[in-house]
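Me: I would like to go through this model term by term, asking each time what justifies the label. Please show me the sequence and structure before we begin.

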Amino acid sequence: MNINQAQQIPLAAILSRLGHTPVKTYKGGVELAYYSPFRKETTPSFFVNVVKNVWNDFGDSGGTVLDFVMRYHNTNLPGALNYLAHSFGNDFFAHKAQNFTPSVYEPSKAETLVITDIKTFGTTPAVTNYIVNERKINSSIAHQYLKEVYFINKDNDKPYFAAAFANAAGGFELRNAYFKGSINGKDMSFFKGQKSDSIAVFEGFMDFLSFLTFQKWRVPKCDILVLNSVAFKEKAANFIHQKAYPSAEMWLNNDKAGKETLHFLIENTDCAIIPQNHLYLDFNDLNALLVFNSIKKTI
């Protein structure tokens, strides 16, 4: 990875990988306010401009993507480039306009749901029960990939909490027994596997975690792309093309939207597309099969 490629990686995506998410948004989501990753604080003083892709910490310093990585990991320029290459791939963000550019938040959405706290998965029994007991996700896998987000809906001033899965915009996909949504921006999610010669694509994070539960893996063997919405099918096609994967497994839903997304990716990528939905043909998605099998074993 060269310096130009590194500087194109969204700071919000790097912070998300490190477990930090915005607590406030300004200018319609162009500026994100975080609790500083360099110290404990109760008032956010760390700001990211998602358009300029720079940061400013009023209690420390500021700068570019590489300035942040060098400061955070206490390393030099080669060390920062090595970290980013390992975390995101050598050409993951080489084409800024077509890959994971940070989503600009819509003011109405940013103002409606406001994060008040982020905790380790397993803190709240209701969240654990929903993910582990109802959706049948392996507990250790859930602990590795999920957090708990606490937030307020400003339309009714009521507090809520949900299991949270980080996306590349620096936001979270949220799930609990009664709610499905996102907060602080919506985008795809990417994870590097043990080998990067192929990729598996999932429509939502529950299916990705179900896949890991079935395989009894905590770290996938191939790269993983979670769409988080079929609206990102064009971005997914561009990403698969840019990475030049020879093959891509498709673990999409068996509904109309899933089938249309599969067809779009077949038509708009030049790698070998390998549909996997025949493995759960009697169910809408992979998680539904996981739940069915888990219940069947207890009967």
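Reply: We can begin with one position, Met-250, which stands opposite Pro-275 in β15. This is a predicted model, in which local features need pLDDT of at least 70 and side-chain atom pairs count only at pLDDT 80 or more, while totals for chains, interfaces and linings use all residues. Residues are numbered from 1 along each chain as its sequence is written, and side-chain values use heavy atoms, with hydrogens and water left out.

Me: What makes β14 and β15 a pair, and in which sense do they run?

Reply: Strands pair if DSSP finds at least two bridges between them, and β14 and β15 (residues 272–275) have four, in the parallel sense; the two strands therefore satisfy the rule. The strands themselves are DSSP runs of E with at least two residues, and helices are runs of H or I with at least four, both numbered from the N terminus.

Me: Why is the β14-α10-β15 crossover called right-handed?

Reply: The chain goes from β14 through α10 to β15, and this β-α-β crossover is right-handed. The name means that, with the strands pointing away from the viewer, the path from the first strand over the helix to the second runs clockwise.

Me: What is the strand order of the open sheet with mixed pairing?

Reply: Its five strands come in the order β11-β13-β12-β14-β15. The edge strands are β11 and β15, each of which pairs on one side only. Neighbouring strands here are turned by 20 degrees against each other on average, direction ignored, where the axes are lines fitted to C-alpha atoms (for helices over the stretch in contact) and angles run from 0 to 180 degrees between N-to-C directions. Within this sheet β12 and β14 run parallel and are joined by four bridges, and Phe-202 has Trp-251 of β14 as its bridge partner.

Me: How do you know that α9 lies across strands, and which strands are they?

Reply: Helix α9 lies across β11, β12, β13 and β14, running at about 160 degrees to β13, and contact here means heavy atoms within 4.5 Å. The buried residues of α9 (233–243) include Phe-239 and Ile-240, and their cover includes β12, β13 and α10.

Me: Why is helix α8 called largely enclosed?

Reply: A residue counts as buried under 20% relative accessible area, as exposed over 50% and as partly exposed in between, with a 1.4 Å probe and protein chains only. Nine of the 11 residues of α8 (205–215) are buried, so the helix is largely enclosed by the rest of the structure. Among these buried residues are Phe-205, Phe-208 and Phe-211.

Me: Why is Lys-216 called exposed?

Reply: Its relative accessible area is 75%, and this lies over the 50% limit, so the label follows. Lys-216 sits in the loop between α8 and β13, where its phi is near 60 degrees, a positive value in a residue other than glycine. Most residues other than glycine have a negative phi. Ala-244, in the loop between α9 and β14, also has a positive phi, near 55 degrees, and with a relative accessible area of 59% Ala-244 is exposed.

Me: Why is Gly-171 called buried?

Reply: The relative accessible area of Gly-171 is 0%, under the 20% limit, and Gly-171 is therefore buried. Gly-171 is placed in the loop between β8 and β9; not counting residues up to four places away in sequence, Gly-171 touches Thr-21, Phe-165, Ala-166, Ile-183, Asn-184 and Gly-185.

Me: How many bridges pair β8 and β9?

Reply: There are four, in the antiparallel sense, between β8 (158–166) and β9 (172–175). Both strands belong to an open, antiparallel sheet with the order β6-β7-β8-β9-β10, whose edge strands are β6 and β10.

Me: What makes the protein as compact as a globular protein of its length?

Reply: The protein has 11 helices and 15 strands. Its radius of gyration, 19 Å, is close to the 19 Å that the globule rule gives for 299 residues, so it is as compact as a globular protein of that length. The radius is taken over C-alpha atoms, and the rule is 2.2 Å times the number of residues to the power 0.38. Buried residues make up 51% of the 299.
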